[in-house]
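Trainee: Got a minute? I'd like to go through this one with you.
Mentor: Sure, put it up.
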Amino acid sequence: MKEFEYTLTDPEGIHARPAGLLVKEAKKYESKISIFKGAKKGDLKKIFTVMGLGAKHGETIRIQVEGPDEEAAAKAVDAFLKVNM
């Protein structure tokens with residue numbers, strides 16, 4: 001299992017357009033990818049759970065990846081977050 005944290009730098013936090021792109025990126029991988037904000041947890045491959053977290057600028061999210069391609073999936077999601085959020 002791979003796990004990392006990321007602090008959101010986008011002034012609007014996780015909003016519709018980048019959330020949709022993030023979900024699209026996560027769906028490229030077989031591994032289970034979860035996103036956490038505080039006590040809330042969601043499936044990173046489902047747009048409504050990602051948007052439902054209500055993650056705002058300056059808040060820290062945690063990503064957890066588990067599965068056969070977890071190394072590649074974790075690197076790709078981390079890179080996506082750094083460029084887009």
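Trainee: How many bridges join E2 to strand E3?
Mentor: 4 bridges join them, and the two strands run antiparallel. Strands here are DSSP runs of E, at least two residues, and helices are runs of H or I, at least four, numbered from the N terminus. Two strands pair if DSSP finds at least two bridges between them.
Trainee: And which residue in E3 is the bridge partner of Lys37?
Mentor: Lys40 is. E2 and E3 make a hairpin with 2 residues between them, and Gly38 in the turn has a positive phi of about 60°.
Trainee: Is this a real structure or a prediction, and what are the ground rules?
Mentor: This is a predicted model, where local features need pLDDT of at least 70, side-chain atom pairs count only at pLDDT 80 or more, and totals for chains, interfaces and linings use all residues. Residues are numbered from 1 along each chain as its sequence is written, and side-chain values use heavy atoms, leaving out hydrogens and water.
Trainee: What pLDDT does the chain average?
Mentor: The average is 96, on a 0 to 100 scale of the predictor's confidence in each residue.
Trainee: New topic: which residues are buried in helix H1?
Mentor: Pro18, Ala19, Leu22, Val23, Glu25 and Ala26 are buried (under 20% relative accessible area with a 1.4 Å probe, protein chains only; exposed is over 50%, partly exposed in between).
Trainee: Why are they on the same side of H1?
Mentor: Because they cover an arc of only 160° around the axis, going by the directions from the helix axis to the C-beta atoms. On the other side, Ala16, Arg17 and Lys24 are exposed.
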